[in-house]
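Hi,

Here is the model I promised to pass on. Have a look at it first, then read my notes below.

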Amino acid sequence: MPPLLRYLIRRLVSIPLTLLIVTAVLYGVVMMTPAETRATLYMPRNTGPRMTEEQYQAMLERMIEKYHLNDPYPVQYYYWLGNLLQGNWGYSPTLQQDVLTGILQRTPATYELTLYSILVFIPLGLVSGVISASRQHGLSDRSFRLAAFVATSLPPFILAMILIATFYINLHWFGLGRTSTAFGQVVSSEGFKTYTGLLTLDGLLNKRPDISLDALRHLVMPVFTLAIAHWATLGRVTRATMIEELQKDYVIAARAHGIPGKKIIWRHTLRNAFTPALTSSLLSAAALLTGVYVVEIIFNINGISALAVGSMAFVPDAPAAMGFAIYSVLAVLVLMAVLDLIQALLDPRLREENLR
Amino acid sequence: MSARRSFLSHWRNWLGLLLVAGFVFVAFAAPLLSPQDPENPGTTKIVGRFTDIRPHPPSPEAPLGTLPGQLSVYHTLVWGTRSALSFGLAVAVGTAIIGTLIGATSAYFGGWFNDLMMRITDAFLAFPAIAGVVLIQQMLTIWLFNAGAYYSMGGVGGVFYITSSGTIMTPEDLPFWLVWLQQLNPVMIAFVLFSWMPYARMMNTVVLRLKQVDYIHAARALGSGHGRIIFRHLIPNAIAPVLVLAARDVGGMVLLQATFTFIGLGGDSPWGALLSGGRNWVIGPGGSVLTYWWIFLPATLALVLFGTAWNLIGDGLNEVLNPRTR
């Protein structure tokens, strides 16, 4: 088996393992509530407001009976996990929807936003870090350090407020939400086929480039807000590792051989600096997702964050909160696996030896 | 000594220290700078009629103007400093201690114990703080609901609850632990629970390397216990990166807290509440941001300066303690 494949498999196996730990802890937390609350985790769809109080109580009793909710923790956890794996994530009273349906419906919006932010901040962060390191104490280094410093000290929501005030309210260049109202109707109509869920791509695939353009225009502000903070962090880490790397013997040897400075930096040193730089992004994957949710809420994008907002309505909604937590952890794990894979592609040492 | 001298030889570090000193001064002098309303103490003060929804420009009672509802911006700004400083320090110190202890002990004992602890650390690393906030908030709501409180309201007279039958409940009708739990800040708990992992990982790598060093073996041979080795030898020698991260976290955590308050997920950041309370008035007539400048400018400046101050200190410490990555 090629080393890369073996590395990938080992990496993917660790996802369910981590999920098992997380869900076990989550259910442990839920054990601190009475059995009636735990029964709501199993509520099927449409048990909504039409039921009378007695019918609802009877249903709760049935659920407690059926899923052994008065049994010890391991038994309950087993039944709940099985239910979860079968796609029954419960019914959320605040969303008025099955939790899993609600999540899947909103995934593309979150996914699109995250994808574009990563596509913007990783290349930009690496490049600006490298340029800054190769001209240490020069003008571009100073200006990068200043910009990165401002970016890390400025809270994203203030940046978002400034952007909204300037480009939405005053200049009308970019909009809030995912699409303009008119295009939103087209997207939700029958004629518009969903291929990837990403509006920017689906517009092209449906031969409606105007929709893609509109979706892109709505992505500019949230992507900029998200990318700016992570660009600064990644750039600073890249700069630090590059400076360290540039002082190593092999760089001096390469210089002595007469290899041009540009080639040394971009071909040799950068590859070695990749790993620590990407590791920093890997470790902040959870922070990135938190940022995505925050930006979604501020820019009024109906993504996964809708489950979090619903939980602030002070209505007991255990299924939505649990679904939100589990799905977020899953998303972070996938994000980490992707970054890990990029790392392994760029750095053969990682895939051949288990360094962790 | 030399580390201290080189820390103080950069103007940027002085700027950071000066800013922090300013915030500390405002935090301690808050009762003098803006006395609280004895009738209704707290980080907000109403000057004028509560029903007046127009923000008013600076006046003698409210030196930085008022928000809709006639909340004094100056008062919240001053008292918010105290809240921000204590929140940031509590979270940063709490996470640093938890992370350091977990990282150091698991590395010291090594073997399967270390594997298990690092596996748990990784699991926590995949948990976004926002999900933690939502979960803790939900648990509180569920417990309240099961205690009979249907809907909780905070008002001028304190917090009260409405039961499912429509009657009003006061906190005295609830179990004491639930009242006590409500005093806690869910965002603070979530931040402490979900930000110790970087400290643990950093500590873990350093201690794994350090514990092979001769002087640790010597200490062991001289009869030092595990606790003494960990606390007297390992942690002090590996603490530098922890200090850097903790200094940056003081600012970072406060900014994140304000973010959560701004988007309506709790957190009780007075500065964040200032910005969310005035967000509909940022743009004045004619699209001008200058008309109601006092709505957003003071709180924005306070937050940015707070973040800047701790970032400067963190960067300064980093340059002094880890000179290689300059």
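Chain B comes out with a mean pLDDT of 82, and 92% of its residues reach 70 or more (pLDDT being the predictor's confidence in each residue, from 0 to 100). Among the elements of chain B, H3(B) has the highest mean pLDDT, 90, and strand E1 (residues 149-155) the lowest, 63. Where pLDDT is low, the coordinates should not be read in detail. For the complex, the predictor gives an ipTM of 0.84 and a pTM of 0.86.

Some bookkeeping: this is a predicted model, where local features need pLDDT of at least 70 and side-chain atom pairs count only at pLDDT 80 or more, while totals for chains, interfaces and linings use all residues. Residues are numbered from 1 along each chain as its sequence is written, and chains are lettered from A and ligands numbered from 1 in the order in which they are written.

Chain A has 16 helices and 2 strands (DSSP runs numbered from the N terminus: H or I of at least four residues for helices, E of at least two for strands). Its C-alpha atoms fill a box of roughly 85 × 50 × 40 Å along the principal axes. Of the 356 residues in chain A, 40% are buried (20 or more other C-beta atoms within 10 Å of the residue's own, with 12 or fewer meaning exposed and anything in between partly exposed; C-beta atoms are placed from the backbone).

On to the interface: 45 residues of chain A are in contact with 43 of chain B (contact means C-beta atoms, placed from the backbone, within 7 Å). On chain A's side, H15(A) gives the most, with 9 residues. By class, that side has 34 nonpolar, 9 polar and 2 charged residues (nonpolar is Ala, Val, Leu, Ile, Met, Phe, Trp, Tyr, Cys and Pro; charged is Asp, Glu, Lys and Arg; the others, Gly among them, are polar).

Within chain B, helix H11 (residues 240-262) packs on helix H13 (residues 293-321) at about 170°, axes 8 Å apart (axes are lines fitted to C-alpha atoms over the stretch in contact, and angles run from 0 to 180 degrees between N-to-C directions). The residues of that contact divide into 15 nonpolar, 5 polar and 1 charged.

One residue to click on is B:Ala92, in helix H3 (residues 73-109) of chain B. B:Ala92 counts as buried because 25 C-beta neighbours lie inside 10 Å. Leaving out residues up to four places away in sequence, B:Ala92 touches B:Ala246, B:Asp249, B:Val250 and B:Met253.

Cheers

Terms used
Contact = placed C-beta atoms within 7 Å.
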